[in-house]
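Me: I've got a model open here and I'd like to go through some of the labels people put on it. Can you show me the reasoning behind each one?

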Amino acid sequence: MRSSLLLTLASAPYLPNSPCLSAESFRGIFKDGDDYKSLFTSVSSECLFSDSTLDSGHVVDHNSASQLVWLERAPVDPSLVRPTYRDEVDAFLETLSSHMAIENPTNQQIPIQARAPPELLYRSPSAALISVDKASAFSADILLPNFWKSTLVSPESVSFLPVPTNDSDRVQKILDGLTFSPEIASIVNSLSLNGMVNDIAYLTGESPLSNIVSRHSFAEGSRLAAAWLKDQFEQTGAECELIPFLEGFAPDVICRYSPVAPSNETFILGAHYDSRGTFGSTSAPGGDDDGSGTISLLGIAKAIRFKRLRFKSHVELALFAGEEQGLLGSRAYAKELRAAGKDVTFMIQADMLAYHDPEEPMQLGLPASIGTPAVTNLVGNVSKIYSPELTVGITGACCSDHQSFHEQGYAATQVFERAGWIIDPMYHNSGDVSKRPGYDFNQLRSIAKVQFATLLHGAGYEIVQ
């Protein structure tokens, strides 16, 4: 069955005032170079062509029984840009079109059997929209060139709720009352660098004690990682839950700390523990992306236990899977929280914290778009107080799991390793291990201090004597 879709330049409001478009047909916002595109499906092409309220757009028919997949070039530094980018995507599409299964005797990433040739629905130098069979769609990221990303387009309508003014004001109130606390400085300085070194070695499989080869969401190693993370966080006093969200994917790992007294507010620090490797390799260590964010949360959890902290609000340390396929785990969880009416004061995502170009200072990158300015400003000011060694700036590297919460109307932001584009040459590469030039545990720890201090100032805490 064929139907029409519309791809149009995204700008607020994300649902244009058009009689042809509805919230039920909205499928999300996707990055295309410096622009963002809004996608609508099941639309009437006749209505669109006669609608004078729409300035521009790309209308195309597609097989509505297939899965839509958005492909985008990652926002990498110009020094990493290869002249073969466009050829690499052409090769990817040809690979999807083949009917030859990819053998995988070690079962670290799933075999792929393309059942039907993909349809190319849209193409620009920095993005593409394809329609493929669902089995191929779930594994598209395994075939992609390392500096490209894939996102599965939701078959259902996607929420894009504005963050209520009262919620932004609540975060602003935390910022307005922000002052240096010697006690908080002491707590965040207790973060163990040696602990982070050991933890990342286990997650990447660099440690002889680890059997993890890949943390790709379909790999057995992601299940091993989920179980190990659950155990590690529970040892710090958290109550953890493995939450499945989609068949075949590793579960989300959600760890919670109950407040000392009844509270409606919840504060969330997030990261994603799934990874990607190099096409043709069974290894996907994900040391920086996003093992670094994962161990920042584990380091914070260990400090919570070491310092005997109890929070005055609900606190969650959330580790998501399915991020590399399009924020799937976090989208499911954020949607669940919204449906349950949970009051989330802020969510801060940590994605890629450890790579540091030796010719540059240690940095903290905050998002230029997709996020809540009040939370971003709070994090930036906390950094100046507790990690002044970091140069704070804006990054165009977007987006991670905070987008899932932003879409649900929750105040959210992201912390990243650089005030600029991605510069890690091992991004989405099987060489993304911790024992390599540029992997900087000092920068990672400094950013983790910022995450932790922001949480302490926001959620409030007591030290159990």
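Me: Why is Glu-234 called partly exposed?

Reply: This is a predicted model, and in it Glu-234 has a relative accessible area of 31%. Buried would need under 20% and exposed over 50%, so Glu-234 counts as partly exposed.

Me: What makes Lys-230 and Glu-234 a salt bridge?

Reply: The cut-off is a side-chain nitrogen within 4 Å of a carboxyl oxygen. Here N to O comes out at 2.9 Å, so the pair passes. Lys-230 is partly exposed too, with a relative accessible area of 24%.

Me: How do you know that Lys-230 and Glu-234 are separated by about one helical turn?

Reply: Both sit in helix 8 (residues 220–234), and they're four residues apart, which gives about one turn.

Me: What makes Lys-449 and Glu-389 a salt bridge?

Reply: Their closest N and O atoms are 3.7 Å apart; the limit is 4 Å, so that counts. This pair links distant parts of the chain, 60 residues apart: Lys-449 is in helix 13 (residues 441–459), while Glu-389 is in the loop between helix 11 (373–386) and strand 16 (391–395).

Me: Why is Lys-449 called buried, and what is Glu-389 called?

Reply: Lys-449 has a relative accessible area of 7%, and buried means under 20%, so the label fits. Glu-389 is at 33% relative accessibility, so partly exposed.

Me: How do you know that Asp-90 and Arg-123 form a salt bridge, and what does the pair tie together?

Reply: The closest N and O atoms are 3.0 Å apart, and anything within 4 Å qualifies, so it's a salt bridge. Asp-90 lies in helix 2 (residues 85–97) and Arg-123 in strand 6 (residues 119–124), so the pair ties together parts 33 residues apart in sequence. As for cover, Asp-90 has 29% relative accessibility and counts as partly exposed.

Me: How many salt bridges does a search of the whole structure find, and which residues are linked in a network?

Reply: The search finds 17. Asp-167, Arg-170, Glu-265 and Asp-343 are linked in a network of salt bridges.

Me: Now the whole chain. How do you know that its radius of gyration agrees with a compact globule?

Reply: With 465 residues, a compact globule would be near 23 Å, and the protein chain has 22 Å, so the two agree. Buried residues make up 60% of the chain. Among contacts between residues at least 6 apart in sequence, 81% join residues at least 24 apart.

How values were computed:
Residues numbered from 1 in each chain as written. Predicted model: local features only at pLDDT ≥ 70, side-chain atom pairs only at ≥ 80, totals over all residues. Heavy atoms only, no water. Rg over C-alpha atoms; globule rule 2.2 N^0.38 Å. Buried < 20%, exposed > 50% of the residue type's maximum accessible area, 1.4 Å probe, protein only. Contact = heavy atoms within 4.5 Å. Helix = DSSP H or I, 4+ residues; strand = E, 2+ residues; numbered from the N terminus.
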